[in-house]
Amino acid sequence: MAAPRLILILGDQLSPHLSSLAEGDPARDRVVMAEVAGECDYVPHHRKKIAFLFAAMRHFAERLRQDGWRVDYYTLDQDHQDLTDALLASRRDSGARQLLVTAPGEWRLLEAMKRQWPQKLGCTVRILDDRRFLCTTEAFRDWAECRKQPRMEYFYRTMRRATGLLMDADGQPLGGRWNFDKENRKRFDGEAPPPGPKRFNPDATPREVLELAEARFPDRFGDLQPFWFAVTEEQAQASLSHFLDHALPHFGDYQDAMDSGDDFLFHGVLSQYINAGLLDPLAVCEAAEQRYLQDKAPLNAVEGFIRQILGWREYVRGLYWLLMPDYREENRLASHRDLPWFYWSGETRMRCVSEAVRATREHAYAHHIQRLMVTGNLALLLGVDVKQIHEWYLAVYADAYEWVELPNTLGMVMRLSGLQALRRQRQIHPAHVRLLRRLPLQGEQRRGRQQLPVQQPLLAFYPPPPAALREAPAHEHDLQSLGPHGLEQAGRDPGPRRHPARGSRTPLGSLSELRIRDAEQWWCLPGSLKPSVGALIWPSLAK
Ligand SMILES: Cc1cc2nc3c(=O)[nH]c(=O)nc-3n(C[C@H](O)[C@H](O)[C@H](O)COP(=O)(O)OP(=O)(O)OC[C@H]3O[C@@H](n4cnc5c(N)ncnc54)[C@H](O)[C@@H]3O)c2cc1C
């Protein structure tokens with residue numbers, strides 16, 4: 001009989017249709033799954049995210065055993081520092097000479113697999129494509145590189161044509177339009193009560209990992225209770241059905257809304273399941289399409305939802321692999337301020353910020369508008385160090401993996417659109433300004449009439465003087481005077497601070513800290529006072 005092989009399954013590869021499993025043979029090969037400290041710690045992942053993934057991994061391992069696979073499963077308390085430690089134990093035990101693995105979603109790990117693992121493990125490493133995505137990285141590269149304007153909207157149309165989703169027999173989009181964005185801008189008025197995500201009582205497996213996470217990460221950011229995530233494919237399917245039945249019909253209308261009384265509105269809360277492999281993205285889109293064809297959900301809702309998965313999700317993934325590894329080092333707006341402590345503590349008088357952080361701490365979830373318009377825009381305005389804000393987003397959300405988080409953070413929040421970099425342009429995206437102008441958001445008052453406070457300084461932030469953005473570092477001084485960096489005009493270094501996530505608050509009193517406090521004061525002013533006081537506080541913004 002041929003020598004056995006090892007098949008490594010990562011925590012976000014919990015799909016029975018994975019390419020490495022399809023390639024393997026249960027009679028010959030061994031599956032390896034491992035909970036390792038190194039993967040929990042390289043950023044301080046939210047405790048609920050860790051518990052979710054470990055519980056889902058343990059259930060998946062059990063399912064594979066039932067399907068006839070031999071599985072070597074290493075738990076966190078077996079103290080393997082990294083994946084190669086665990087793999088070495090299995091390789092020695094099995095005599096395997098080859099490792100099969102589906103490509104990981106992170107450049108760091110892929111590089112290590114290619115360059116270090118063969119030597120470390122003493123066997124060949126065969127990396128297979130991740131076929132759970134609808135567009136291969138090569139196809140995305142071909143598409144992007146031969147286009148003058150590789151915009152998401154055009155990519156999305158290509159994907160609609162390729163999959164036939166929401167297309168008629170003549171190859172035209174159903175309803176005669178590709179995009180129903182204009183219909184999807186309603187202010188949330190509370191008329192349709194949001195159903196919230198489906199919640200599950202944790203069975204013995206999540207209960208076990210919850211105890212483990214409590215013991216192992218006692219001081220880490222993130223509530224473990226209440227724990228209601230799906231941790232099996234069946235439960236994730238039930239979550240999808242719940243969304244399709246109860247939330248999808250309103251998804252489009254309130255897609256861009258925010259309400260301080262509700263953490264989920266009509267969002268799917270499915271990204272952690274899709275990204276971990278418990279739900280298949282194409283099947284999710286097809287199920288949504290069926291709801292339209294059966295007249296159970298309107299086209300603006302279904303198209304809006306499918307666009308997020310078929311369009312945005314695939315687009316950001318293509319972008320990530322196209323632009324790494326340089327992308328990760330991008331900081332063209334020279335943002336260097338430390339992440340304010342309230343991103344961890346939630347202790348700020350900016351209510352929409354404290355609400356977003358509270359939801360994040362409680363659920364390892366915040367919906368897109370909170371991530372983009374609240375914590376994201378504030379980070380841009382304050383000029384938060386790109387690496388720090390990237391690591392924050394990567395740590396705190398249950399759906400966060402670098403391939404999806406980084407392009408969202410860099411491209412959408414910090415205005416470092418990689419495709420623009422590709423073309424050596426330095427522009428801020430006008431679509432964002434349009435979204436800000438029409439945002440039907442409620443910031444400080446539930447169902448009141450106020451604008452979200454971050455709007456005013458952001459609108460003042462745009463558009464940047466084009467000359468200043470064109471050629472850094474020659475125009476570095478211009479960049480420094482732009483937007484958030486105007487706040488640093490005194491040129492003082494904020495100085496070292498202790499990280500709030502590690503147990504202490506940022507000491508007050510430094511220039512930068514006072515400015516953050518000024519921003520908070522301003523944020524909480526009545527709307528009528530904001531423009532004049534804003535002109536003082538955001539000097540370079542309120543021109
Ligand atoms: C700064 C920032 C960081 C983000 N980090 C992540 C991340 O780490 N992981 C992640 O999955 N999403 C991320 N997003 C995108 C988006 O916010 C989440 O996908 C969404 O909030 C997940 O909640 P949901 O399932 O309720 O989504 P819905 O609003 O119900 O959307 C449906 C699905 O579309 C997909 N989707 C929607 N928007 C995006 C997008 N911009 N990029 C990729 N997929 C999208 C998701 O799979 C989501 O489940 C980030 C956005 C921003 C602005």
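How many disulfides does a search of the whole structure find? The search returns zero disulfides. This result belongs to a predicted model. Two cysteines may be described individually. C40 is buried, with a relative accessible area of 4%. C123 also counts as buried, at 8% relative accessibility. Both assignments rest on the cut-off for burial, which is under 20% relative accessible area.

**The ligand shell**

The ligand is surrounded by 30 residues, of which H267, G268, V269, N275 and Y365 come nearest. By class, this shell comprises 17 nonpolar, nine polar and four charged residues. Domain 2 (137-199 + 230-323) and domain 3 (342-541) each supply at least three residues to the shell.

**Polar contacts**

The table lists contacts between ligand atoms and N or O atoms of the protein.

| Residue | Protein atom | Ligand atom | Distance |
|---|---|---|---|
| H267 | side-chain N or O | oxygen | 2.7 Å |
| N275 | side-chain N or O | oxygen | 2.9 Å |
| D399 | backbone N or O | nitrogen | 3.0 Å |

H267 and N275 thus appear both among the residues that come nearest to the ligand and in contacts made through their side chains. In D399, by contrast, a backbone N or O atom faces a nitrogen atom of the ligand at 3.0 Å.

On its own, the ligand has 820 Å² of accessible area, and the protein covers 99% of this area. Four elements give two or more residues to the surrounding shell: helix 12 (271-276), helix 14 (299-323), helix 17 (368-382) and helix 19 (402-413).

Methods: Residues are numbered from 1 along each chain as its sequence is written. This is a predicted model: local features need pLDDT of at least 70, side-chain atom pairs count only at pLDDT 80 or more; totals for chains, interfaces and linings use all residues. Side-chain values use heavy atoms; hydrogens and water are left out. A residue is near a molecule or strand if one of its heavy atoms lies within 4 Å of it. A polar contact is a pair of N or O atoms within 3.5 Å; within protein, one must be able to donate a hydrogen and the other to accept it, and residues adjacent in sequence count only if both atoms are side-chain atoms. Accessible areas come from the Shrake-Rupley method with a 1.4 Å probe; for residues, only the protein chains shown count as cover. Ala, Val, Leu, Ile, Met, Phe, Trp, Tyr, Cys and Pro count as nonpolar, Asp, Glu, Lys and Arg as charged, and the others, Gly among them, as polar. Domain bounds come from an automatic or database domain assignment. A disulfide is a pair of cysteine sulfur atoms within 2.5 Å. Buried means under 20% relative accessible area, exposed over 50%, partly exposed in between (1.4 Å probe, protein chains only).
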